[in-house]
Amino acid sequence: MARYGDPMSVPVILDVDTGVDDALAILFAVRHPGVDVLGISCVAGNAPLAQVVDNTLRILDAAGAPAIPVAAGAVRPLLEPARAARHVHGADGLGGIALPPTRRRAEQAGAVELMRRLILEHDRPVTLVALAPQTNLALLLRTHPEVAGNLERIVFMGGSASVGNATAVAEFNVWHDPEAATIVLDANVPTYMYGLDVFNRVAVDHDVAVALEHGDDPLARVVGALLGHRVALSEDELAEYTGLIGDAGAVCSIVDPLALRTEVRPVRIELAGYGRGQTLVDLRFSPGRDDAHGLADGWTNVEVALAVDAERIARLFLDTLGARA
Ligand code: BDR
Ligand code: CA
């Protein structure tokens, strides 16, 4: 469990669209002593906003969390309609794992105000962990740019230096609101990208997930059910099984940064055409030599996670949740 106010723990705000793997990330963040969850802001993404808020509050119960403030944010991206990922996260956004109703309530104030207050009031720089489309972050940084002065960095799950998932080239969180992601990259805050290049690597074995789901420990049962969740069951369930810890890996990277190989690379986001939502990551030996073509502007240096010791991160995740089978 987090040691609240512990000077050794990293103060974070989670921005989520809970979401099966956002749920895993919340469980990990609340239970790991190196992370101090100051608050959670919710945004439409994997599921509609009201569902995201309800899922988040219920997961905090499952985690046995103290009274962490939760607030509702944007109901849709800056320009486009919301497009929930029901085919991935199920109709309820939690793969139908049926958590009990909660007595927790969201804050009256919205997500932007909650984030502003938590960041400006904290006595140490805060890490903003974006595990969802970045609409809330963009609104925050445009409305209250002064928060940048007390941000340690932004760690975001999103983007890819290789393959996409929402489209062939675009990752879901960035694709869902590419204008917001562009505003965030432009905000002059140190940024760390935990993209599909590493997101798609960290998984828990099927046997372990099954053992957790059918074990005695209530928290482990939730973890196992989330890991084992499949919306569309195939005849061969094992062939469908991925067991990715997903967004939770981005939080793990804060606790164990040396388990990842990162490089500082110029990044920009494509806004037009089929490539809309793609993160362009300049991986050239000598990046940024585009002046001659008039293409030098619009890039931001980002610390990009390109490789991960997947077993080490999976072990950290399971050990933290007392869920080692
Ligand atoms: C991202 O989109 C969502 O499906 C996950 O929660 C994750 O944040 C992966 O593209
Ligand atoms: Ca997410």
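Colleague: Which residues of helix 5 are buried?
Modeller: This is a predicted model. In helix 5, residues 135–143, the buried ones are Thr 135, Asn 136, Leu 137, Ala 138, Leu 140 and Leu 141.

Colleague: And what do the buried residues of helix 5 pack against?
Modeller: Their partners include four strands' worth of segments you can find by number: strand 1 (10–16), strand 2 (35–42), strand 4 (126–130) and strand 5 (151–157). Helix 4 (111–121) and helix 7 (178–185) also pack against them.

Colleague: Moving to the core. How many residues are in the largest nonpolar one?
Modeller: It has 70 residues, and Leu 14, Leu 226, Leu 227 and Phe 317 have the most contacts inside it. Helix 1 (residues 20–31) contributes the most, with 9 residues. Another core, of 34 residues, lies apart from it, and Met 115, Val 174, Ala 181 and Leu 185 are among its members.

Colleague: What is Phe 317 in contact with, leaving aside neighbours within four places in sequence?
Modeller: Phe 317 touches Leu 24, Phe 28, Val 204, Val 223, Leu 227, Ile 245, Ala 248 and Cys 252.

Colleague: Different topic. What coordinates the calcium ion, ligand 2?
Modeller: Side-chain oxygens (OD) of Asp 17, Asp 22 and Asp 247, with Asp 22 listed twice, plus the O of Leu 131. The distances are 2.3 to 2.6 Å. Along the chain the donors follow the spacing D-x4-D-x108-L-x115-D.

Colleague: How many residues apart are Asp 22 and Asp 247?
Modeller: They are 225 residues apart, with Asp 22 in helix 1 and Asp 247 in the loop between helix 11 (237–240) and helix 12 (248–255).

Colleague: Are those two buried or exposed?
Modeller: Both Asp 22 and Asp 247 are buried.

Methods
Residues numbered from 1 in each chain as written. Chains lettered and ligands numbered in written order. Predicted model: local features only at pLDDT ≥ 70, side-chain atom pairs only at ≥ 80, totals over all residues. Heavy atoms only, no water. Buried < 20%, exposed > 50% of the residue type's maximum accessible area, 1.4 Å probe, protein only. Helix = DSSP H or I, 4+ residues; strand = E, 2+ residues; numbered from the N terminus. Contact = heavy atoms within 4.5 Å. Core = buried A, V, L, I, M, F, W, Y, C linked by side-chain atoms within 4.5 Å. Donors = N, O, S within 2.8 Å, 3.2 Å for Na, K, Ca; no water.
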